[in-house]
Amino acid sequence: MKKAIITVVGKDTVGIIAAICTYLSEQSINILDISQTIVDGYFNMMMVADVTDCGKGFAALADELRAVGEQKGVIVHCQSDEIFQQMHRI
Amino acid sequence: MIDHREVLETNAMILKENLDVRTITLGVSLLDCCDADLDRLNEKIYHKLTTVAGDLVPVGQEIEKTFGIPVVNKRISVTPIAMVGGCACKTPADFVTIAKTLDRAAEELGVNFIGGYSAVISKGMTEADRNLMLSIPEALAVTERVCSSVNVGSTKTGIDMDGVRLMGEIVRKTAERTADRDSLGCAKLVVLCNAPDDNPFMAGAFHGVSEGDAVVNVGVSGPGVVKTALEKVRGASFEVLCETIKKTAFKVTRVGQLVAREAAKRLGVPFGIVDLSLAPTPAIGDSVAEILMEIGLDSVGGPGTTAALALLNDQVKKGGVMASSYVGGLSGAFIPVSEDQGMIDAVNAGNLTIEKLEAMTCVCSVGLDMIAVPGDTSAETIAGIIADEAAIGMVNAKTTAVRIIPVAGKGVGETVEFGGLLGYAPIMPVKNVSCEAFVRRGGRIPAPIHSFKN
């Protein structure tokens, strides 16, 4: 399974999760886990998603998700989960 | 499963603390380009580079997006050109044509530096080595992206003092030849002792003859990450300090390892090494000097600096070694003056001198790096400085280097601006004591007794 970590940071507003989830479902991406918290007064969300069935490469996915975020005024990062696995797991 | 806190920590390192992959350097052997005909040689070099490294920049950009980490530089290192060009180049001007070819290939590929306009003369010079060295001032003046290095000694062979003396003159001539650009040529020229074959960092990178046809080497960087981690353990014991540096170095290096493996896979080229070096940039919060201050110094250059740096260098290695299957290159803390705001401040405050920097080079990688000195510093004095550094490297079995810029037309108290990652530097005073009789003796300094291990 190829996993992506999607993080969203910004001012809380209506429909952030909906916009991102709609995009992900269009790309056949299954959401495995969602958590959210407030850090320094900002809305902070993390999703773990299964991108195995997504036809697009990471680079295109990251660009398009950033654009979805921009429409909602939030910053969206989409990264391969490998960078976190490598850094935090031996 | 990765938790939210870990994701936040990684992304804070990247977004706030300047964690980045400093360079993906593709080493390319040019030995199979050798030809007695100069035009054909140049053609073969251009063709090989643009074929083997054709995907380097796009692959680097894809990796940036996949992992969300900046890959600041994509670079190329090649076989020392003195070896590649020896057959075809009969004059320094012949060698300059190869420099131009390398520059053209680098521009075509979109890489910002190409290293390997080099000669390895640890024990002696061939005619080709000498011609290449003589061509360096012109080569660096007429190209933009070419980096040059000369290895003048090693623990196994001793120091070629004829080479050292010649390099004193070459550094001066390079400064004069690029006087219109504040002697920028010297920022792309480094004189080494015990140069590694797999160094990904410029200006000293070349693809050694011990390497395969092509290889991916990666240099990570994270002074800001180490500094931030240490802010949380102020006043704690050395044990806690060392543990914190090690853990941070581990995390930083793992990113390098991941990127190196991925780049190798996508380029279809073997993975070489990860270089663990802490490489500063002029950006605020990306300084090795600031780490030393966080360890407990008021300013770099005072008492305690060498010990703090030794500790830092050692812990970075201990943490990093476990994080990567192959480490290599220079792997230590860099202490360039012009590329580190904390170093620049220390020089401006009168706290950091060339002599103290020399002491610091005994315990870290690499050497006297990006140091601006008055333009009227003599070739013999520069040769003396090179000899001192080479001796430190030779005796301690470590890499040392000198990248010194005698800024034409400028003196102590003035500042020189190189721009970009090369930064800016106050011109430092050099002791006005002649070593002419020493460097003019001729011959070489024999290898130290502890090099005879057979």
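Me: What distance separates the centres of domain 1 and domain 2 of chain B, taken over C-alpha atoms?
Reply: This is a predicted model, and its chain B splits into domain 1 (22-193) and domain 2 (219-451). Take the centre of each domain over C-alpha atoms, and the separation comes out at 22 Å.

Me: How many residues does each of those two domains of chain B put into their contact?
Reply: Residues count as touching here if their C-beta atoms, placed from the backbone, lie within 7 Å. On that basis the contact takes 44 residues from domain 1 of chain B and, from domain 2 of chain B, 53 residues.

Me: Which element gives the largest share of the side of domain 1 of chain B that touches domain 2 of chain B?
Reply: Several elements supply at least two residues each to that side, among them strand E1 (20-28), helix H3 (56-67) and helix H7 (161-177) of chain B. By class, this side has 9 polar, 11 charged and 24 nonpolar residues. The largest share is 11 residues, and it comes from H7(B).

Me: OK, now between chains: how many residues come from chain A and how many from chain B?
Reply: Use the C-beta cut-off again, within 7 Å. The contact then takes 22 residues from chain A and 19 residues from chain B.

Me: And which element supplies the largest share of the side of chain A that touches chain B?
Reply: Strands E1 (3-10) and E2 (30-39) and helices H2 (58-72) and H3 (82-88) of chain A are among those giving at least two residues each. The class split for this side is 10 nonpolar, 9 polar and 3 charged residues. The largest share, 7 residues, comes from H3(A).

Conventions. Residues are numbered from 1 along each chain as its sequence is written. Chains are lettered from A and ligands numbered from 1 in the order in which they are written. This is a predicted model: local features need pLDDT of at least 70, side-chain atom pairs count only at pLDDT 80 or more; totals for chains, interfaces and linings use all residues. Domain bounds come from an automatic or database domain assignment. Helices (H or I, at least four residues) and strands (E, at least two) are DSSP runs, numbered from the N terminus. Ala, Val, Leu, Ile, Met, Phe, Trp, Tyr, Cys and Pro count as nonpolar, Asp, Glu, Lys and Arg as charged, and the others, Gly among them, as polar.
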